[in-house]
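User: I would like to go through this structure and ask why certain terms are used for it.

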Amino acid sequence: MSPDDAGGGPGLSLRSVALFEVALPLVRPFRTSFGEETNKRAILVRVDGGDVAGWGECVASEEPRYSEEWLAGSWLALQTIFGPALLDAPLADARAVGERLRWVRGHRMAKAAVEAAVLDATLRRLGRSLADELGAVRDRVPCGVSVGIAATVGAMIEEIHGYLGHGYRRVKLKIEPGRDIDVIRAVREALPDTPLSVDANGAYRLSDAPVFEALDEMGLVMIEQPLDHEDLVEHAALQWRLRTPICLDESIRSARDAAAAIELEACRVINIKPGRVGGVLEAKRIHDVCLKQGMPVWIGGMLETGVGRAANLALAALPGVTMPGDTSASDRYFAEDLTVPFVLAPDGTMAVPTGPGLGVEPRPERLEACTVRRAVVTRSS
Ligand code: NPG
């Protein structure tokens, strides 16, 4: 299917757009180079189309550190701009969401949430799964796990052993200046054969190249987003000096960015996250550009609840996704997910949802228990 064929069928006339801010305690704090999260907060969007409803998740974090977007800003954008715009006139299909909101610069995570909700609703009406709609080629996907920065190297290695015991096929370690070479060397010595990658979340400068040259000796699968989130040229200069593939995350916000990164040889792998790029349809376009150009991709994660995770798993089933993603099981994040839990099989794979639309939805009692704020946008409001 071409990227622009996916879009979820016939039109949808919405009655309301409901927003739920949720807070779910994480089973363990998640620390990266830009801070620590102990609670997962997210905005769930529910569109009501009368005979059918759909759900989407906005992955904006509490603070604008990973990107310019942040939860409070996304809430306002959803409530005051996106909700009313969706209700304004019927939507031909999910692609129409992007077209209608094109005048809004940025706000990709909020756009992704409403697009997912409309796609979910339209596909439910057709009885078609998101995975099928996008062109999935497998029904199970191999999964990796992302490990936050721990208090000690020993604690980190213990945590990793736990994940490997569950079957995860690749372990991603967060690094930051001052907690890099020695930590990764110690983990590598403890786990000589484990596929390991590192993620710097853009915390370094090109002048830190010696750090990456040291990491280059450690047999890593990839080094993710070492340099600034707005840069491609310096990544190309760094990639030139390394054998280990650089993977770009924050720097790739669109299919256009992906094409530029490929052209500049700024990376050898791309991490695709639907929230970061404005939705699953743009994520599919990035996938298609990369597949055509032979650039390996995998699907990232942003500690999503089951709603967002379902979309990530559908994308992970596409043919160009050749590496395990950060699509971990519900119990890696939450004691109790919002949806039915996603479970890792002992072989390190997870099933791609097959039900209509996203294939999952929030369980009402769990949603109620986790909701800390709500709003409903209707045609008259
Ligand atoms: O398992 O969903 C997951 C988390 C994977 O490390 C992960 N995500 O930088 O890629 C990242 C990081 C992240 C998490 C970024 C939350 C932003 C918010």
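Analyst: The model is predicted, and the questions below deal with helix packing and the ligand.

User: Why is helix 5 called oblique to helix 6?

Analyst: The axes of helix 5 (residues 153-166) and helix 6 (residues 181-190) come within 10 Å and cross at roughly 45 degrees. An angle under 35 degrees would count as roughly parallel, and one from 65 to 115 as roughly perpendicular. The crossing angle falls in neither range, so helix 5 is oblique to helix 6. The crossing is right-handed.

User: Which residues make the contact between helix 5 and helix 6, and what classes do they belong to?

Analyst: Helix 5 contributes Val153, Met156, Ile157 and Ile160, while helix 6 contributes Val183, Ala186, Val187 and Ala190. Val, Met, Ile and Ala count as nonpolar. The contact of helix 5 with helix 6 therefore has eight nonpolar, no polar and no charged residues.

User: What makes helix 9 roughly parallel to helix 11?

Analyst: Helix 9 (residues 255-264) and helix 11 (residues 280-293) pack at an angle of about 25 degrees, and their axes are 8 Å apart. Angles under 35 degrees count as roughly parallel, so the term applies to helix 9 and helix 11. Helix 9 passes helix 11 in a right-handed crossing.

User: Which residues of helix 9 and helix 11 meet, and how many of them are charged?

Analyst: Ala255, Ala258, Ala259 and Ile262 of helix 9 are in contact with Glu282, Arg285, Ile286, Val289, Cys290 and Gln293 of helix 11. Two residues of this contact are charged, one is polar and seven are nonpolar. Glu and Arg count as charged, and Cys counts as nonpolar.

User: How do you know that helix 1 and helix 3 are oblique to each other?

Analyst: Helix 1 (residues 71-88) and helix 3 (residues 108-126) have axes that come within 10 Å and cross at roughly 45 degrees. That angle is outside the range under 35 degrees and outside 65 to 115, so helix 1 and helix 3 are oblique to each other. Their crossing is right-handed. In this contact, Ser74, Leu78, Phe82 and Leu86 in helix 1 meet Ala110, Lys111, Val114 and Val118 in helix 3. By class these are six nonpolar, one polar and one charged.

User: What makes the pair formed by Ser146 and the ligand a polar contact?

Analyst: A polar side-chain atom of Ser146 lies 2.7 Å from an oxygen atom of the ligand. A polar contact is a pair of N or O atoms within 3.5 Å, so this pair qualifies. For Asn201, an N or O atom in the side chain is 2.7 Å from an oxygen atom of the ligand. Gly301 uses a polar backbone atom, 3.0 Å from a nitrogen atom of the ligand.

User: Which residues come nearest to the ligand?

Analyst: Of the 18 residues around the ligand, the nearest are Ser146, Asn201, Lys273, Leu303 and Tyr333.

Methods. Residues numbered from 1 in each chain as written. Predicted model: local features only at pLDDT ≥ 70, side-chain atom pairs only at ≥ 80, totals over all residues. Heavy atoms only, no water. Axes fitted to C-alpha atoms, helices over the stretch in contact; angles between N-to-C directions. Helix = DSSP H or I, 4+ residues; strand = E, 2+ residues; numbered from the N terminus. Parallel < 35°, antiparallel > 145°, perpendicular 65-115°, else oblique. Left-handed = near helix turned anticlockwise from the far one by under 90°. Contact = heavy atoms within 4.5 Å. Near = heavy atom within 4 Å. Polar contact = N/O pair within 3.5 Å; in protein donor to acceptor, adjacent residues only side chain to side chain.
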